[in-house]
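Me: I should like to go through this model by way of questions on its helix packing and its interior. Please reason briefly before giving each result.

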Amino acid sequence: MKEITAEEKRFLRKIITCTGRAINKYGLIGNGDRALVCISGGKDSLTMLETLALRRKHLPPGISYELFAVHVNVTDIPYSIHRRKIQSLCDELDVPFLWKETVCNITGDRAHPPCYHCARARRNIIFSLAGEM
């Protein structure tokens, strides 16, 4: 990771603290849990991954959770993410990175918009993967 300024460290610490409070208040992640972060390649999912990974370093002794990252690549929609960059970030954060592929088949159904099919295909893969964990 690149070296960050003191101001960036304070901001990151604030994000981690607020995230920790929300996790504790609502019981989102407990001791021994396995959390799967779905990576789109955007700022939101990457920030969530980094926040949860860095938060693990500040947990009390005896408290831990496993963290995994997954990207579901839809092969019949033309888009791309920087797979190597995300893999590198996951390696730095000590988070296993999973790459799954699926097909949307959006041409057959005109009753729903293409985004519906894409989201549904991704969710199916994610739910299946979470069930295996």
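Me: What is the orientation of α2 relative to α3, given that their axes come within 10 Å?
Reply: In this predicted model, the axes of α2 and α3 cross at roughly 15°. Angles under 35 degrees count as roughly parallel. The orientation of α2 relative to α3 is therefore roughly parallel.

Me: Is the crossing of α2 and α3 left-handed or right-handed?
Reply: The handedness rests on the sense in which the near helix is turned from the far one, clockwise giving a right-handed crossing. For α2 and α3 the crossing is right-handed.

Me: How do the residues of the contact of α2 with α3 divide into nonpolar, polar and charged?
Reply: From α2 the contact takes L46, L49, E50, A53, L54 and R56, which meet I86, L89, C90 and L93 of α3. Glu and Arg count as charged, whereas Ala, Leu, Ile and Cys count as nonpolar. The division is eight nonpolar, no polar and two charged.

Me: Which elements give two or more residues to the largest nonpolar core?
Reply: This core has 21 residues, and L49, L52, L67, A69, C90, L93 and V95 have the most contacts inside it. Leaving aside neighbours within four places in sequence, L67 is in contact with residues including A35, V37, L49, L52 and V95. The elements giving two or more residues are α1, β1, α2, β2 and α3.

Me: Is T102, in strand β3, buried or exposed?
Reply: Beyond four places in sequence, T102 touches V72, N73, V74, T75, A121 and I125. Its relative accessible area is 15%, and the cut-off for burial is under 20%. T102 is therefore buried.

Conventions
Residues numbered from 1 in each chain as written. Predicted model: local features only at pLDDT ≥ 70, side-chain atom pairs only at ≥ 80, totals over all residues. Heavy atoms only, no water. Core = buried A, V, L, I, M, F, W, Y, C linked by side-chain atoms within 4.5 Å. Buried < 20%, exposed > 50% of the residue type's maximum accessible area, 1.4 Å probe, protein only. Helix = DSSP H or I, 4+ residues; strand = E, 2+ residues; numbered from the N terminus. Contact = heavy atoms within 4.5 Å. Axes fitted to C-alpha atoms, helices over the stretch in contact; angles between N-to-C directions. Parallel < 35°, antiparallel > 145°, perpendicular 65-115°, else oblique.
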